[in-house]
Amino acid sequence: MTVGTSTRSISHRKTLPARGPDSGRTAWAKNKGWRHFVGILTIIFALFPLLYVLSAALDSSGTLAGSNRLFGQIDFENFAQLFSDPARPFGRWFLNTLFIGAVTSLASVLLGALAAYAFSRMRFKGRRLGLLSLMLLQLFPQLLAIVAIFLLLSGISDVIPWLGLGSQLGLIMVYLGGALGVNTYLMYGFFNTVPTSLDEAARLDGASHVQIFFGIILRLVTPILAVVGLLSFIGISSDFIIASVVLQDPDSQTLAVGLYSYVAQQRSENWGVFAAGSVLAALPVMALFLFLQKYITSGLIQGSVKG
């Protein structure tokens with residue numbers, strides 16, 4: 001009976017059809033192939049606007065309609081015109097954006113980390129109310145206070161001119177006030193993932209809150225610091241409304257405000273120069289992202305290993 005059963009199983013295996021290469025490709029297409037297709041389609045959808053802007057920047061005709069044929073004409077006249085117009089100091093706008101973005105991002109990370117550490121590690125009266133207030137502040141965009149910001153800075157200009165309307169330092173203060181609530185609440189959740197036993201062990205060795213914060217905590221929360229700094233810099237570089245209200249002198253304006261002058265007038269738009277400026281304005285953001293990417297990745301890998 002055993003011999004008969006084994007004979008039937010052998011004969012049954014002999015009758016099974018052999019899987020050819022076509023069946024393997026079909027199974028791959030059903031399981032993984034469609035994912036590759038969706039990924040390629042998404043990449044094309046994301047790259048097309050970037051290629052279109054780059055094509056318009058390299059086309060000296062000055063119109064977007066002439067860029068329908070991608071890279072039909074390639075020259076650098078638009079980039080040369082950016083730095084040759086004395087009424088529109090593109091180089092100064094670029095430096096102003098870097099200065100305001102760097103100072104605001106660093107200050108936002110430092111102040112947000114200090115506030116998040118206080119809410120995460122210290123117990124004081126009004127702590128819960130403060131956290132709820134920070135969460136409620138995120139529901140209202142800073143744009144709603146644009147009139148109040150203008151009136152406030154206008155009044156400060158009469159007392160402290162270098163901090164009032166038209167000053168870059170005043171704009172930095174406005175950015176810090178708007179970003180502090182969001183950054184604090186974002187960092188607070190990440191600070192809670194750091195074990196409190198590290199703080200207790202450091203206190204037993206005689207460490208103070210300052211030593212614990214700068215010597216231990218900041219090294220363990222590097223990913224969130226990098227994310228907050230990157231998001232702050234991106235938001236400041238692309239902001240137009242608040243910067244256009246506060247900064248009125250062309251020499252103190254940022255790239256977002258200054259580049260708008262190329263397309264502000266209805267019959268004198270120069271989209272080619274505007275596209276060239278947009279390409280150059282995106283370089284600092286890309287460089288900062290590539291620089292912070294390794295810190296985010298290394299921080300996540302170190303955080304996944306215990307001990």
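How many cavities of 30 Å³ or more does the structure hold? The structure holds 1 such cavity, where a cavity is a set of points on a 1 Å grid over the protein atoms alone in which a 1.4 Å probe fits but cannot get out.

This is a predicted model, in which local features need pLDDT of at least 70 and side-chain atom pairs count only at pLDDT 80 or more, while totals for chains, interfaces and linings use all residues. Residues are numbered from 1 along each chain as its sequence is written, and side-chain values use heavy atoms, leaving out hydrogens and water.

Let's look at the cavity and then at the cores.

| Feature of the largest cavity | Value |
|---|---|
| Space (filled by probe spheres set on the points) | about 30 Å³ |
| Nonpolar lining residues | 5 residues |
| Polar lining residues | 2 residues |

The lining (residues with an atom within 4 Å of a point) consists of Ala-107, Ser-108, Leu-111, Leu-176, Ala-179, Leu-180 and Asn-183. Helices α4 (90-121) and α7 (168-191) each supply at least two of these residues, and α7 gives the largest share, 4 residues.

The largest nonpolar core (buried nonpolar residues, under 20% relative accessible area, joined through side-chain atoms within 4.5 Å) has 20 residues. Those with the most contacts inside this core include Ala-113, Met-187 and Phe-191. Among the elements that give two or more residues to this core are α4, α7 and α10 (222-238), and α4 gives the most, with 5 residues.

Met-187 touches (heavy atoms within 4.5 Å) Val-109, Ala-113 and Leu-225, among others, not counting residues up to four places away in sequence. Apart from this core lies another, of 15 residues, among them Ile-149 and Val-246.

Conventions:
On a 1 Å grid over the protein atoms alone, a cavity is a set of points where a 1.4 Å probe fits but cannot get out, and a pocket is an open set with protein on both sides within 12 Å along at least five of seven lines; lining residues have an atom within 4 Å of a point. Ala, Val, Leu, Ile, Met, Phe, Trp, Tyr, Cys and Pro count as nonpolar, Asp, Glu, Lys and Arg as charged, and the others, Gly among them, as polar. Buried means under 20% relative accessible area, exposed over 50%, partly exposed in between (1.4 Å probe, protein chains only).
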